Amino acid sequence: MKKVLIICYICIITSLPVIAQDNNFHPGEIWNDVDGKPINAHGGGILYDRGNYYWFGEIKSGKTVRVEEDKAWENFRVNAGGISCYSSKDLVHWKFESIALKPEVTDSTSEIYTGKVIERPKVVYNAKTKQYVMWMHIDSRNYGYARAGVAVSKTPQGPYKYLGAVRPNDAMSRDMTVFKDADGRAYLISTSENNQTMHVNLLSDDYLKPTTTFTRILIGQNREAPAVIKHGSKYYLVTSLCSGWDPNAARYATADSLLGKWTVQGNPCVGADSATTFQSQSAYIIPVASTNKYIFVADRWKKTDLPDSRYIWLPLTFDGDKMKVEWKDSWHL
Ligand code: GAL
């Protein structure tokens, strides 16, 4: 105790910033886990389960290369490193738990081979089967495969068993999220029709398959990076425009039912840099347990050095039914 007081006193009198492991979010800065290693969980999704938050994300490490065959667009990539899982009780301090889904390192025909694409994992718990179900974007190196993959585990941190990937209702599926509603039904929301239109697919009761119940939304609007919440009686869907790793303006839409009519509302971001979503792209929105607070989770991609991409976590608030995300250099819940 005495030691802590002395350190605090020295920091105050010398005005040294106390940054290491404080209780604040520092959007865009390197974010270390509790062992002091940078968190490696990009395009992530957060699961709240029995008092713990679990953060699942793409493991990006190694050298970033540009796929030369894809001349028409900037296909910068790193080998698919699988899906990481971190846990936290306060959303600020994260402990590395596991590689929840390991990629296949030798068999190049596998859908989860390191030379392919495993992105945007989202995990939901199925109370009927007592399984944790992970959905993710599965693709080939040139993103032509365009499928949604699914994996299951008995525990949140895995290991997850990969079951395979599908084109829901024969339609392409790239950037995606999964939303579990209060009635226990879950939906896969993904960018389809060659990135032109989104599809909302009702999943089967065990969450392992898309059913034939689906709807086309944001038709011809070229939206991706979906993140969904329900606030009050409305559903809110935040998306980005499709511009690869480069940022653009976010937009949100609202609906009274997930399979119903979605109405475009505008950019939830305000202030400087709102036209680039603060140089980032949406990944998820966290409803903070036992509060009416939300956190907007986004990725600030660094396309020529993807492992150094940063996390932008900002408070997402409502003014009536208007959604708002504002920049903060540093903030706490
Ligand atoms: C973005 C997408 C990312 C990643 C990237 C590849 O449009 O949101 O998740 O797939 O393209 O260039």
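**Ligand surroundings, sheets and nonpolar cores**

The ligand is surrounded by W73, E119, R120, Y143, D175, E224, G244, W245 and Q281, where a residue is taken as near a molecule if one of its heavy atoms lies within 4 Å of it. The structure is a predicted model, in which local features need pLDDT of at least 70 and side-chain atom pairs count only at pLDDT 80 or more, while totals for chains, interfaces and linings use all residues. Residues are numbered from 1 along each chain as its sequence is written, and side-chain values use heavy atoms, with hydrogens and water left out.

Among the residues around the ligand, E224 has a polar side-chain atom 2.3 Å from an oxygen atom of the ligand, and for E119 a distance of 2.6 Å separates an N or O atom of the side chain from a ligand oxygen atom. A polar side-chain atom of W245 lies 3.4 Å from an oxygen atom of the ligand. A polar contact is a pair of N or O atoms within 3.5 Å; within protein, one atom must be able to donate a hydrogen and the other to accept it, and residues adjacent in sequence count only if both atoms are side-chain atoms.

Two open sheets are described here, with strands (E, at least two residues) taken as DSSP runs numbered from the N terminus, and with two strands regarded as paired if DSSP finds at least two bridges between them. One sheet contains 4 strands in the order β1-β2-β5-β6, paired in the antiparallel sense. Its edges are formed by β1 (42-49) and β6 (95-101), each of which has a single partner strand, so one side of each is left without a neighbour in the sheet. Neighbouring strands of this sheet are turned by 25 degrees against each other on average, direction ignored, the axes being lines fitted to C-alpha atoms and the angles running from 0 to 180 degrees between N-to-C directions. Within it, β2 (residues 52-58) and β5 (residues 83-88) pair antiparallel over 6 bridges, and S84 in β5 is the bridge partner of G57.

The other sheet, also open, is made of 4 strands in the order β15-β16-β17-β18, again with antiparallel pairing. Here β15 and β18 (263-266) stand at the edges with a single partner strand each, so one side of each is left without a neighbour in the sheet. The average turn between neighbouring strands of this sheet is 30 degrees, direction ignored. Strand β17 (residues 251-255) is joined to β18 by 3 bridges in an antiparallel arrangement, and T254 stands opposite T263 in β18.

The largest nonpolar core has 38 residues, and those with the most contacts inside it are W55, W94 and W313; such a core is a set of buried Ala, Val, Leu, Ile, Met, Phe, Trp, Tyr and Cys residues joined through side-chain atoms within 4.5 Å. The greatest contribution to this core comes from β22, with 6 residues. Leaving aside neighbours within four places in sequence, W313 is in contact (heavy atoms within 4.5 Å) with residues including F25, W31, W55, W94 and W331. A second, separate core of 20 residues includes I83, C85, I112 and M134.

W327, found in the segment after β23, counts as partly exposed at 28% relative accessibility, buried meaning under 20% relative accessible area, exposed over 50%, and partly exposed in between (1.4 Å probe, protein chains only). Not counting residues up to four places away in sequence, W327 touches P27, F278, R300, I312 and L314, and a polar contact of 2.7 Å joins its side chain to that of D329.
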